[in-house]
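Subject: Structure for you to look at

Hi there,

Here is the structure I promised to pass on. Please open it alongside this message, and tell me if anything reads oddly.

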Amino acid sequence: MQVLEGKKVFLAAATLRPETMYGQTNCWVLPDGKYGAFEINETEVFILTERAALNLAYQKLSRVPEKPTCLVELTGYDSIGLPIRAPLSLNKIIYALPMLTILTDKGTGIVTSVPSDAPDDYMALHDLKAKPALRAKFGVKDEWVLPFEIIPIIEIPEFEDRAAEKVCLDLKIKSQNEKDKLAEAKKLVYLRGFTEGRMIVGRKYAGKRVQEVKPLIRTELIETGEALIFSEPEKKVMSRSGDECVVALTDQWYITYGEPEWRELAEECLSNMNLYSDETRHGFEHTFGWLNQWACSRSFRLGTRIPWDEEFLVVSLSDSTIYMAYYTVAHLLQNGDMYGKSTDLVKPAQMTDEQSCPRITGLVDSGAMDIMLNSEKMSKSTGNFRTLRQAIEEFSADATRFSLADAGDGVDDANFVFETANAAILRLTKEIAWMEEILAAESSLRTGSPSTYADQVFENEINIAVKMTEQNYRDYMFREALKTGFYDLQAARDECRFSCGSGGMNHDLLWRFMDVQTRLIIPICPHYAEFVWRELLKKDGFVVKAGWPMADSPDLKLKSANKYLQDSIVLMRKLLQKQILGSKKANKKGAPVTSLTEEKLKGLIFVNEQFDGWQAECLRILQSNFNMQTRTFASDGEIMNALQASSIGQAEDFKQIQKHCMPFLRFKKEQAIKIGVQALDLKLPFGEIEVLKENLDLIKRQLGLEEVEILSDADPDAYVQAGSLAALLKQNPPSPGNPTAIFLSR
């Protein structure tokens, strides 16, 4: 080490948490890591990795600019046991110790150790203290480790003043090698420490919030010469030449997005905006939080020169951002000439903070939206690529638009799927064929005003489609508009066709369906819609000028009743199959059971329209402890106290009833949080028996039954009809919204 004589030598540790420097107990090196002693200037030497030295050399921190000079190559072993004076540390001397999980492609390869607030540091120090064999392996003396205890520096609610230790114990972390658990612990401690932590050390900082003092301590360390700013790429970046990129410190112009008045105006603007989704709003808020100075210039390549400093060019991203802002005042600066050829009214040199031009009150994010093809990134190099013209030639304009609308409404990249485009061609063609078939057989359709239950449901679904699709278009939710105005509408048509049975569909209702569907789809498939409008429906003019269809307010009670009907049919079909399968198994075993086949069956459907007894009492308790605005409940303890104070809690068999109450309460709470307070009603908003009786023919056709009878659970004589199968009803009793059924051979 003779080459270092006369030099000031520093172990250059990198940290993002200057406020924790008070709690240093040691510093870490990677035993097998490759380090070097690099000259920073004529007198100072930093020990760090070559990668870090290269970054520093391009940040004017090297004796030879942009070329690090290494006096001697080292490994981590060479530094183990070095006594060190660390900035702000409450320990006057600490030692360099081995840590096995250090990454040399991040930071400097030298790491400060603060076991009070860094789970990795806590476990690594714990391992060295608890394992003499580990100390012996790396030649670590006891006096370098054992005397050093955790130094509490930050108080965090719930974690107290030794956050790393508490979280590691809570997560049952046993070793510094448990990377996944340590990553979870680190996330918990670092986030809570920054947002909720308060300093308990530091003459000027004790009692203050971490997020308040962090920049102050950083500035203090830099001003006293105990620290300097080190920049590096956020992650590994490779240039096209195959070299690893570094951060270079160069002269630069910045756009000061974080200027307080500007930011305040931008936040005010955002609060008044109707954004695409909450995720978008959160994204803007997050960006406002970190975006301060944004580099906007470069010194080479093509581009627009900065008017006040022609040595520099505007980078392409900032160029488009600046132009977005410039367009708002261009008419004032260019004498009304959009091309800027006339003599400017205002020169760049005349622009001041007091200039009477509109202030830009928003931050503009410039960038192109990416699109994926068949769930893969669109790329010319891989061949996964289509131009708009190619897509139109391959799929047609309307099928292309259909697939684009279906590509996604979220903030994720849109996904154009060829299969969807091909399916759109088939679906639109089949719809035209169906309409031609209906129009050809128009005279055979049922006439008169819509009167059946199926007619009422279908008419209601058309009204719902009109209202919801209009709102989806207003919100630019094209995928949802396609769903409500095309897919859902066709599903309602198909359901009505099956429900009507031999009676056939209503003529006027079908004509309204075709008219409405054509108007709803035109923003997405205009050529298809115009063809249907003029060639099939024989309407005058263009559908694009026909206006949005009129619709009555949707009947949500009728929609709920129809959903109940369809869900009940699905449920009864499962019960039928289960009963048939059960009787076959029982017969094979020779058990005495009524044989059931799939021919000539009678269904007995039992309905309980209202909760009573302990279930009704549970619902009343939940109703009184539910906040309809926030869809939240009082604490479980309050609900349990109310249950114990109720008539149920006073019953002698309360403990037995309680076993049934708890899962019921949990289920109903989940329902209410999901759909609202109506989940806590004692009965449904419509008559279940009435709905089922009105659709007996549909139930018989759907289940393949000869006869169906609807029975009330409240009728004591109803269970007599179940005969030997009454036991099945006791195993699966009906409840509001969930009828049950048994099936008998006729």
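Below are some notes on the cavities and on two helix pairs.

One thing to keep in mind while you read is that this is a predicted model.

**Cavities**

Let me start with the enclosed space. The model has two cavities of 30 Å³ or more. The largest of them has a volume of about 60 Å³. It is lined by 13 residues, and A454, V457, E495, S499 and N562 are the closest to its centre. If you want to find the place by helix, look at α16 (453-474), α17 (478-500) and α20 (556-588), each of which supplies at least two residues of that lining. In terms of chemistry, the lining of the largest cavity consists of eight nonpolar, four polar and one charged residues.

The second largest cavity holds about 30 Å³ of space. You will find P98, M99, L100, L128, L134, F138 and Q176 around the second largest cavity. Six of these lining residues are nonpolar and one is polar, with no charged residue in the set.

**Helices α3 and α6**

Next, a helix pair. Helix α3 (residues 119-130) packs against helix α6 (residues 163-170) at an angle of about 80°, and the two axes lie 8 Å apart. Angles of 65 to 115 degrees count as roughly perpendicular, so that is how α3 and α6 stand to each other. On the α3 side the contact is made by P119, Y122 and M123, and on the α6 side by A164, E165 and C168. Five residues of this contact are nonpolar and one is charged, while none is polar.

**Helices α21 and α23**

The other pair is further along the chain, with helix α21 at residues 613-624 and helix α23 at residues 654-675. Their axes come within 10 Å and cross at roughly 45°. How are α21 and α23 set to each other? They are oblique, therefore, by the angle between them, and the crossing of α21 and α23 is right-handed.

From α21, the residues W614, Q615, C618, L619 and L622 take part in the contact, and they meet I657, H660, C661, F664, L665, K668 and K669 of α23. Sorted by class, the contact of α21 with α23 has eight nonpolar, two polar and two charged residues.

That is what I have for now. Happy to go through any of it with you whenever it suits.

Best wishes

Definitions and conventions. Residues are numbered from 1 along each chain as its sequence is written. This is a predicted model: local features need pLDDT of at least 70, side-chain atom pairs count only at pLDDT 80 or more; totals for chains, interfaces and linings use all residues. Side-chain values use heavy atoms; hydrogens and water are left out. On a 1 Å grid over the protein atoms alone, a cavity is a set of points where a 1.4 Å probe fits but cannot get out, and a pocket is an open set with protein on both sides within 12 Å along at least five of seven lines; lining residues have an atom within 4 Å of a point. Grid points are joined across faces, edges and corners, and a volume is the space filled by probe spheres set on the points. Helices (H or I, at least four residues) and strands (E, at least two) are DSSP runs, numbered from the N terminus. Ala, Val, Leu, Ile, Met, Phe, Trp, Tyr, Cys and Pro count as nonpolar, Asp, Glu, Lys and Arg as charged, and the others, Gly among them, as polar. Axes are lines fitted to C-alpha atoms, for helices over the stretch in contact, and angles run from 0 to 180 degrees between N-to-C directions. Angles under 35 degrees count as roughly parallel, over 145 as roughly antiparallel, 65 to 115 as roughly perpendicular and the rest as oblique. Contact means heavy atoms within 4.5 Å. A crossing is left-handed if the near helix is turned anticlockwise from the far one by less than a right angle, and right-handed if clockwise.
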